[in-house]
Amino acid sequence: MYSPQRKDFVSLMLGDQHSHNYTNGKHRRQSCWRKWKQLSRLQRSLILFLLAFLFICGILSYPSLTEQWRGLPDRSLKEDWVEMDNQGLRPIPPGFVPKLPPGVVPGVQDIPPEVMPEIQRPSIPLLPKPPAMRKPPSKRGPPALQKRGKVSDWQVKDGEEATIKRDEDGGKEAKTVISWRGAMIEAEQGTELQSTAHGKEGTVADAEDSANLKPVKAVDRVEAVREAFRHAWKGYKAFAWGHDELKPISKTHGEWFGLGLTLIDALDTMWILGLKDEFAEAKKWVETELSFSKNVDVNLFESTIRVLGGLLSTYHLTGDTLFLDKAKDIGSRLMPAFKTPSKIPYSDVNIGKGTAHPPRWTTDSTVAEVTSIQLEFRELSRLTKDPQYQNAVEEVTRHVHRLEGKRDGLVPMFINTNSGKFTRRGAFTLGARADSYYEYLLKQWLQGGKKETELLEDYLQAIEGVRKNLLRQTSPSKLTFVGELSNGRLNPKMDHLVCFLPGTLALGAHNGLPADHMELALQLMETCHQMYAQMETGLSPEIAHFNLQSNNGRDIDVKPADRHNLLRPETVESLFYMYRFTNDSKYRDWGWDILQNFNKYTRVPSGGYTSIGNIRDPLNPAPRDKMESFFLVGRLCTNL
């Protein structure tokens, strides 16, 4: 091979100084392209992959960076306000001039010493109150906030475009709030104490009157609860009277058993709230319209807790034998459910034919259903002096007490009505299908005068089983939660139904059970509160998943399929117990916050409240057009 010929000279091209044919950039581009082509296919692929990866990372990080940049000014302003507040300073309203003693000319040399401190105070920079950061409008928001297209009649009537109404008495303005479908409070009521920038309670006034602020009257929470009930009742009376459930958006009704579930469930609530007119109307319907002589299948558990329980509680409050007679009627019609080989009741009863059967797809019943009817049937026997009701349910209780297949007092979710044995033994939960078994153990023990030791033993053993197998804490904030056990593996999820447990633990501790039950109740009550507080709507999901490792800095995650809220009462009921036993007003305040959020995101202007499908989206919570009957149960009275 010959070596390449060597050049002993350098060529140089000189062009005219006015020439514009300089092509060095073109040659450079050609040189870069030549070098790119010289790379191997693998090298070029790696470079392209790296560039694409960096581009995607930049796109993903852009929103979080912009949010942080937007938040910087707001945080700095708030910090300055807090610092001024700690120093005892207050911002001077615009246009405010300190009043000087008569005859004093506003010159520094003429100002008396006692006025000088008031003039010198503003030497520290005074900042205006930071404006509230608002999110840009979303296309998923209320239709009225976007362009007016085709709007349904109920939207036009109940959710008209935002207007400002002048108060007839005081001349104040109340802004009508637009919702995604009309399900919001009709107007922003100025009845609550407003918060200032310093985080203290105060009121909003004009700058001219800032020196003479007058406090706004605090909200009458009792009346607010009555108003919420009346609003729900208005919708039920108008569109679903005598039927099981209200569909508030479509302004119609839903039927389950055809027994007026909502009306019967709400009887005791109306009596407690002192709504005499509404109660009288409902009583008349029970007296003249309610009949159990119909060919219909009802669920043993649901009809017991809603119908039988509602009638018994109303009898205890009023002493009216009408309700006891109706309770005896439905109770006797439910008895065929216990005619099984194992005495474990079937799930369904035809109250007209007097027959019972399991679901079409299985011969199993859920453990919660067969062990959460005892309180009502035992009480029916006590009131009627007929032991058949109590005998039937106590045989179930004794059978489950001695049954094999438990794990440290925890029971599986299913039991077979033929064999009487637990099935699908690998899963243990305090959520759906098992929850009220544990609740009824304690309450039966109390109902029987604390004499039935087997009930107490089962309850105490179960609580220890919860501690040993299901209790965990989140990594970021150490929230205590009750998970689920599936084939020996913990699943860090908790149903909203589990929020019955704080109240039940507190009730037991109040009646002489170990003090550490109350400590656990306090921890779990905080967790159930956070299931509401950490959601964008302030309402809890049906199921929450808890983080055991601080991956994203959040304690609670919610899967898309679990984001619905069915207006469940378990958390509110526990808050009632906690406030009564601790006298800590924060629990009543938490209950009040929940009611306010129900008003904001589930209230339908034409009457009623609706369950929602997405508690993570305040702009479109996805209303489900259904008001469950248990929404009007006496637990609504927590804020009384």
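Here are legends for four close-up views of this predicted model.

**View 1. Helix α5, end to end.** Helix α5 runs over residues 221–239, so it has 19 residues to lay out. At 1.5 Å a residue these should span 27 Å, and the C-alpha atoms at the two ends do sit 27 Å apart, which agrees. Look at the start of the helix, too: a side-chain oxygen of aspartate 220 comes within 3.3 Å of the backbone nitrogen of valine 222.

**View 2. The buried side of the story for α5.** Which α5 residues are buried? They are Val225, Ala228, Phe229, His231, Ala232, Trp233, Gly235 and Tyr236. The partners they pack against are strand β5 (245–247) plus the helices α6 (261–265), α7 (267–273), α8 (276–288) and α19 (585–601).

**View 3. Aspartate 435 and its neighbours.** The unreviewed UniProt entry annotates Asp435 as "active site", along with Glu302, Glu542 and Glu570. Aspartate 435 belongs to helix α14 (residues 435–447). Its relative accessible area is 13%, so aspartate 435 falls under the 20% cut-off and counts as buried. Leaving aside residues up to four places away in sequence, aspartate 435 touches Ala368, Leu430, Leu497 and Phe500.

**View 4. Glutamate 542 in its loop.** Glu542 is another residue under that UniProt "active site" annotation. You'll find glutamate 542 in the loop between α17 (515–533) and β19 (543–546). Is glutamate 542 buried or exposed? With 12% relative accessibility, glutamate 542 counts as buried. Again leaving aside residues up to four places away in sequence, glutamate 542 touches Met494, Asp495 and His496, as well as Asp562, His564, Leu566 and Arg568.

Technical notes
Residues numbered from 1 in each chain as written. Predicted model: local features only at pLDDT ≥ 70, side-chain atom pairs only at ≥ 80, totals over all residues. Heavy atoms only, no water. Helix = DSSP H or I, 4+ residues; strand = E, 2+ residues; numbered from the N terminus. Expected span 1.5 Å × (residues − 1). Buried < 20%, exposed > 50% of the residue type's maximum accessible area, 1.4 Å probe, protein only. Contact = heavy atoms within 4.5 Å. Polar contact = N/O pair within 3.5 Å; in protein donor to acceptor, adjacent residues only side chain to side chain. UniProt positions renumbered as here; feature names shortened; annotations may be inferred.
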